[in-house]
Amino acid sequence: MFTSIALRAALKSSAGVLRESGALCSAVSVKTCSSAFLSGPRVSCGSFAAQPPVRHYARAAKKKKTVPESQLSDLPPTMLKMDYAAVPLAQTTDDIVKRLLSLELGCHSDKLQLKQEQMIAKVQRDENDRNSVEVKVAILTTRIRNFQEHLQKHRKDKANKRRMLMAIDKRKKLLKHLRLVRYDAFEKVCEQLGITYTFPPEYYRRATRRWLAKKAFCIKVFKEVQKQKAEQRLKMRKNSAAAETKATKTNAAESQ
């Protein structure tokens with residue numbers, strides 16, 4: 001009898017524990033399902049499944065970057081480097097050696113050097129001219145265009161940007177001098193090298209409120225000074241006229 005009573009008590013306690021654990025599990029599952037439903041688009045809690053809304057977005061068209069044509073693009077790859085162009089043996093050698101000595105396997109500086117020589121040949125006065133203003137302008141133009149092509153790829157290169165601006169200022173001074181001294185050479189250089197010469201503005205200063213007030217005050221003072229000078233001139237004329245009339249009267253009185 002005692003064993004049956006103990007058995008019943010054990011069964012009742014185990015059933016209570018099972019009931020509590022089942023309620024706890026259901027509460028936890030409901031909480032996790034609700035939180036997952038609120039946080040994520042695709043969640044399935046038991047038989048319920050939340051389907052995300054289907055959105056069809058049109059892809060933006062990719063803009064193709066327009067790369068400007070390089071100044072070195074007109075150089076053929078079969079052209080020999082400048083160091084070997086005047087060597088007669090390089091012209092008669094086999095194709096493999098020619099390819100090694102050509103611009104096809106040359107570096108950027110070799111191409112730039114050859115382009116610079118082409119630009120110099122367009123504007124130099126004679127074959128031995130290497131130090132005239134026209135040659136200096138051609139060399140600076142080649143460097144400036146090379147810097148521009150470099151800065152289009154590397155926009156944050158401040159050092160080369162500074163060098164480019166310095167070269168532009170130097171070329172501007174040389175062109176200004178050449179325009180004053182030899183205008184026909186100036187026109188030829190601008191035409192052959194493709195340079196557009198723009199005149200600098202007459203005044204560079206930025207107009208601030210303080211500067212405008214100072215300028216208005218200076219104009220006012222200038223006008224007052226001019227007015228006082230005009231009054232003094234008029235007074236001097238009146239005095240001279242009065243002195244002349246007095247002198248004529250005295251002369252007339254003496255003659256009588």
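In this predicted model, Gly 194 adopts a positive phi of about 70° just after helix H8. Helix H8 itself spans residues 183-193.

The buried residues of H8 are Ala 185, Phe 186, Val 189, Cys 190 and Leu 193. Viewed down the helix axis, these residues fall within an arc of 135°, and they therefore line one face of H8. On the other side of the helix, Asp 184 and Glu 191 are exposed. The cover over the buried residues of H8 includes helix H5 (108-123), helix H6 (133-153) and H7.

Two packed helices are described by the angle between their axes and the distance between the axes. For helix H7 (residues 158-181) and H8, the axes come within 6 Å and cross at roughly 135°. The two helices are therefore oblique to each other, since an angle of this kind falls neither over 145 degrees, where helices count as roughly antiparallel, nor in the 65 to 115 range of roughly perpendicular pairs. On the H7 side, the contact is made by Leu 175, Leu 178, Arg 179 and Val 181. Helix H8 contributes Tyr 183, Ala 185, Phe 186, Val 189 and Cys 190. By residue class, the contact of H7 with H8 comprises eight nonpolar residues, one charged residue and no polar residue.

Aromatic side chains form a further set of contacts. The structure holds three aromatic pairs. In one of them, the ring centres of Tyr 183 and Phe 186 lie 5.7 Å apart with the planes at 40°, so the pair is tilted. Both residues belong to H8, where a spacing of three residues separates them by about one helical turn. Their accessibilities place them in separate classes: Tyr 183, at 42% relative accessibility, counts as partly exposed, whereas Phe 186, at 6%, counts as buried.

Phe 186 also pairs with Tyr 197; their ring centres are 5.2 Å apart and their planes stand at 90°, so this pair is edge-to-face. Tyr 197 lies in the loop between H8 and helix H9 (209-255), and the pair therefore ties together parts that are eleven residues apart in sequence. Together with Phe 199, the residues Tyr 183, Phe 186 and Tyr 197 form one aromatic cluster. Phe 186 thus belongs to this cluster, to the buried residues of H8 and to the contact with H7.

Terms used. Residues numbered from 1 in each chain as written. Predicted model: local features only at pLDDT ≥ 70, side-chain atom pairs only at ≥ 80, totals over all residues. Heavy atoms only, no water. Phe/Tyr/Trp six-rings, centres within 6.5 Å; stacked < 30°, edge-to-face > 60°. Helix = DSSP H or I, 4+ residues; strand = E, 2+ residues; numbered from the N terminus. Buried < 20%, exposed > 50% of the residue type's maximum accessible area, 1.4 Å probe, protein only. Axes fitted to C-alpha atoms, helices over the stretch in contact; angles between N-to-C directions. Parallel < 35°, antiparallel > 145°, perpendicular 65-115°, else oblique. Contact = heavy atoms within 4.5 Å. Nonpolar A, V, L, I, M, F, W, Y, C, P; charged D, E, K, R; others polar. Arc of directions from axis to C-beta.
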